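Student: I would like a close look at a single strand and its surroundings. Could you take me through one of them with care?

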Amino acid sequence: MSTDNQWLLRVRNLTKIYGEPGGRTLELTGPEFNSNICPDTDSIVACAGISFDLYAGEVLGIVGESGSGKSTVVKLLYFDLEKTSGGAWLAPYEQGHANILEASGQQKRRIRNYLMGMVYQNPREGLNFGFSSGGNIAEKLIMAGQMHVGGIRERASYLLEKTEIPVRRMDDTPATFSGGMQQRVQISKAIANNPPLLFLDEVTTGLDVSVQARVLDLIRELQQELGIAMIVVSHDLSVIRMLTDRTLVMKNGRIVESGLTDQILQDPQHAYTQLLVSSLL
Amino acid sequence: MNIIEVHHLSKVFDLHILHEKRITALHQIDMTIGEGEIVGLTGKSGSGKSSLMKCLHRTYLATSGEILYSGLSGAVDLVKADDHEVIALRRSEMRYCSQFLSVIPRVSAVDVVAEPLFRTEKNKDLARERARELLEALGLPSALWDAYPVTFSGGEQQRVNVARAIIERPRLLLIDEPTASLDPKTKDVVIGLIRDLKQYGTAVLCISHDEYTLDRLADRRLHLQAGRIMPSVTEAI
């Protein structure tokens with residue numbers, strides 16, 4: 001039995017360094033030095049040598065403490081940041097033969113609009129607070145070539161309903177919404193064009209527990225119903241446990257361990273993961 | 001035909017954060033589970049029963065040895081299989097039922113039970129119908145079907161847990177203490193439901209301390225002591 005060719009997203013050696021790296025920057029940083037700052041050049045290794053395959057419909061978690069590089073990985077993949085080196089391939093783009101990180105600006109915009117969605121920790125990064133909530137969704141639909149006004153309004157109300165936002169608030173701006181509602185509008189916008197891949201960067205951080213549960217429910221439901229593959233970045237192990245099939249553990253910009261989520265949580269192999277899991281309340 | 005063949009399986013925990021302490025949980029385990037066979041796993045607390053079960057489910061990574069699983073699409077060594085391969089098996093034919101329900105907030109009892117069917121059964125109402133039948137058989141009051149199991153008693157949660165584990169008639173069922181907090185009548189129902197799986201060829205490994213359950217449920221017992229299978233008790237009883 002082989003499951004080798006079913007990847008949706010393939011990432012190899014993804015690396016982001018701030019500042020001018022020296023010849024030994026990668027050798028002198030990482031978890032064994034407990035640092036991601038190069039002692040020779042002071043350059044900062046946000047992430048290095050990141051490789052993994054994400055399968056269609058799979059939910060992958062990335063955990064690690066602040067500064068471990070977990071958000072950098074998704075921001076590189078969503079083109080919010082420029083890679084230093086490495087590659088990423090998406091099966092539906094050029095049949096998976098072209099490195100998306102080297103695509104032209106125009107192609108990258110296309111990939112973002114059709115093939116990916118992103119939900120940020122801070123709704124201000126994902127939403128335009130000058131537009132209404134419906135307008136935010138419409139923006140994403142228009143970028144993907146939807147021009148019919150009736151069609152756009154219909155899709156926007158469907159998405160708001162799906163994410164439990166009262167449709168009568170479609171014309172209000174996200175600034176008038178609570179934090180949980182803002183996250184749910186962000187999710188509607190991110191999935192507006194039915195992308196096969198969704199990035200979620202600390203989406204429940206800072207929300208009340210009951211509001212958190214509602215956002216997590218919504219994510220689980222969407223995953224089950226639409227089969228969207230997701231990368232969930234979180235420092236919260238209960239979020240990871242609830243949502244993901246597989247987990248990468250990051251420290252000082254590197255992956256220190258990867259495995260099935262229940263295995264990572266119950267039989268962690270790396271010293272850092274053992275510490276992380278034993279710190280769980 | 002064997003669905004599971006375990007050869008020389010060992011599990012050692014390396015606790016890096018406890019001064020590199022090493023704990024050996026399983027020593028050189030050999031065992032099999034046949035198609036349609038129910039194997040009872042016994043032993044004192046700490047003898048390695050759950051460790052063995054978790055190695056079979058890949059929740060624990062075995063340190064050495066092999067776990068050959070004869071799946072619907074071929075044989076696979078669960079010790080070495082790729083994570084994605086294990087995920088695919090867990091979704092379709094392999095189910096682990098722990099002693100305690102790990103509840104999903106804000107999902108009703110019916111949906112918790114029906115969820116394993118949702119992946120293949122597009123008609124959710126049909127899946128829910130099957131879930132209600134099981135909960136009815138298990139004597140869970142119908143008033144609780146649409147409530148959230150997080151608020152349930154231990155025995156009620158256990159019934160939801162068992163129903164969820166058997167609803168899709170898995171090829172391999174790993175079940176930990178399925179009758180521990182149940183009254184005698186419900187015990188019999190659970191035993192009957194698990195024995196019903198034999199006709200579908202399900203291989204079952206069941207941990208239990210309860211003689212009543214083991215007598216009626218298991219075709220054969222394995223007894224663990226300090227991480228080893230005791231030879232005298234491995235024969236059919």
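Tutor: What follows is a walk along one strand of chain A, from its own residues to its partners. The model is a predicted one, and the strand chosen is E6 of chain A, residues 197–201. Five of the five residues of E6(A) are buried, so this strand is largely enclosed by the rest of the structure. In a regular strand the side chains alternate between the two faces of the sheet. In E6(A), Leu197(A), Phe199(A) and Asp201(A) point one way, while Leu198(A) and Leu200(A) point the other way, and all of these residues, the aspartate included, are buried.

Turning to the neighbours, E6(A) pairs in the parallel sense with strand E5 of chain A, residues 116–119, over four bridges, and within this part of the sheet Leu198(A) of E6(A) has Gly117(A) standing opposite. E6(A) is also joined by five bridges to strand E7 of chain A, residues 229–233, and these two strands likewise run parallel; here Asp201(A) stands opposite Val233(A) in E7(A). Between E6(A) and E7(A) the chain passes through helix H7 of chain A, residues 209–226, and the resulting β-α-β crossover is right-handed.

To sum up the strand itself, E6(A) has parallel pairings with E5(A) and with E7(A), and its residues, pointing in two directions, are buried on either side.

Definitions and conventions. Residues numbered from 1 in each chain as written. Chains lettered and ligands numbered in written order. Predicted model: local features only at pLDDT ≥ 70, side-chain atom pairs only at ≥ 80, totals over all residues. Buried ≥ 20, exposed ≤ 12 C-beta atoms within 10 Å, placed from the backbone. Pairing = 2+ DSSP bridges. Right-handed = clockwise from strand over helix to strand, strands pointing away.
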